[in-house]
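Student: I would like to go through this structure with you and ask, for each label, what it rests on. Could we take the descriptions one at a time and set the values against their cut-offs?

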Amino acid sequence: MSKSNRHVIIKFSDFLAKTAEFLSAVSMAFIMAVIIMQVILRFFFKSNLPWAEEVARYLMIWVVMIISSVLVKEDGLIKVDFFDNLWPKKFLKYREILYQVLILVLFILLLREGWSQAVYGLGGTISSLNISWFWPYLAIPAGMTLILIQFICQSLAKILRLT
């Protein structure tokens, strides 16, 4: 039974990662298109798109937040592990548990504060794009939600593998 549950969790995690990769790739392609169009307009036509820089900036933030969930899935977050061979294995196990708890707390705090900022952004408008600040600020809680889901999936998969 647990092997089947682990399989479902891994499949769901893979689906989220592939979706995040696809959305990030499409967003990066759009960013490149907008920037190239902006360069061509400025260089050849002495004109510009007043919204190009802001669209590129805010989409890049969304890309970073979305693709970060893939790093969590692939255990690609930065680790300080060059002293690991000096410590006893039992210590390393407890340190890893402590790190996981601290990272989980950090992700939850970022989700909460990001949502708070997004809601605060409902009161303002980005003049060049004529959209609410809510949408750029929403990148943090959206990304943190994906990260938390991946974190939980990976933790459950590890637990089910051990039992």
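Tutor: Let us start in the loop between α2 and α3 (89-120), where Asp 75 is found; please keep in mind that the model is a predicted one.

Student: What makes the phi of Asp 75 worth a remark?

Tutor: Asp 75 is not a glycine, and yet its phi is positive, at about 55°; the residue takes this value just after α2.

Student: Why is Asp 75 called partly exposed?

Tutor: The relative accessibility of Asp 75 is 45%, and since buried means under 20% and exposed means over 50%, Asp 75 falls in between and counts as partly exposed.

Student: Which class does Lys 46 belong to, and how do you know?

Tutor: Lys 46, in the loop between α1 (2-45) and α2 (52-73), has a relative accessible area of 71%, and because the class of exposed residues begins over 50%, Lys 46 is exposed. Its phi is near 50°, again a positive value in a residue other than glycine.

Student: What makes Gln 150 a buried residue?

Tutor: Gln 150 has 0% relative accessibility and therefore counts as buried, the cut-off being under 20%. This residue is found in helix α5 (residues 139-162), and, leaving aside neighbours within four places in sequence, Gln 150 is in contact with Ser 13, Leu 16, Ala 17, Ser 69, Val 72 and Lys 73.

Student: Why is the pair of Trp 115 and Phe 134 called edge-to-face?

Tutor: A search of the whole structure finds 7 aromatic pairs, and one of them joins Trp 115 and Phe 134, with 5.9 Å centre to centre and 85° between the planes. Because centres must lie within 6.5 Å and planes over 60 degrees apart count as edge-to-face, the pair meets both conditions and is edge-to-face.

Student: Which parts does that pair tie together?

Tutor: Trp 115 lies in helix α3 and Phe 134 in helix α4 (residues 134-137), so the pair ties together parts that are 19 residues apart in sequence. As to accessibility, Phe 134 is buried, with a relative accessible area of 11%, whereas Trp 115, at 45%, is partly exposed.

Student: How do you know what geometry Phe 134 has with Trp 135?

Tutor: The ring centres of Phe 134 and Trp 135 are 4.9 Å apart and the planes stand at 85°, so this pair is edge-to-face. Trp 135 itself is partly exposed, with a relative accessible area of 47%. Elsewhere, Tyr 58, Trp 133 and Tyr 137 form one aromatic cluster.

Student: What makes you say that the charge of Arg 57 sits over a ring?

Tutor: The charged end of Arg 57 is 5.6 Å from the centre of the ring of Tyr 58, and because the limit is within 6 Å, together with a direction within 35 degrees of the ring normal, the distance fits the label. Lys 93 likewise lies over the face of Tyr 94, at 5.7 Å from the ring centre.

Student: Which residues make up the largest nonpolar core, and where do they come from?

Tutor: The largest nonpolar core has 8 residues, namely Met 65, Val 72, Phe 107, Ala 139, Met 144, Ile 147, Leu 148 and Phe 151. The elements that give two or more residues to this core are α2 and α5, and the largest share, 5 residues, comes from α5. Met 65 is in contact with Ala 139, Ile 140, Gly 143, Met 144 and Ile 147, leaving aside its neighbours within four places in sequence. A second, separate core of 5 residues includes Ile 31, Val 55, Ala 56 and Leu 59.

Student: How do you know that the span of α3 agrees with expectation?

Tutor: At 1.5 Å a residue, the 32 residues of α3 should span 46 Å, and because the end C-alpha atoms are 46 Å apart, the two values agree.

Student: Why is Gly 114 in α3 called buried?

Tutor: Gly 114 has a relative accessible area of 6%, which is why, with the cut-off at under 20%, this residue is buried. Not counting residues up to four places away in sequence, Gly 114 touches Tyr 137, Ile 140 and Pro 141.

Key
Residues are numbered from 1 along each chain as its sequence is written. This is a predicted model: local features need pLDDT of at least 70, side-chain atom pairs count only at pLDDT 80 or more; totals for chains, interfaces and linings use all residues. Side-chain values use heavy atoms; hydrogens and water are left out. Helices (H or I, at least four residues) and strands (E, at least two) are DSSP runs, numbered from the N terminus. Buried means under 20% relative accessible area, exposed over 50%, partly exposed in between (1.4 Å probe, protein chains only). Contact means heavy atoms within 4.5 Å. Rings of Phe, Tyr and Trp (its six-membered ring) pair if their centres lie within 6.5 Å; planes under 30 degrees apart count as stacked, over 60 as edge-to-face and the rest as tilted. A nonpolar core is a set of buried Ala, Val, Leu, Ile, Met, Phe, Trp, Tyr and Cys residues joined through side-chain atoms within 4.5 Å. The expected span of a helix is 1.5 Å times one less than its number of residues.
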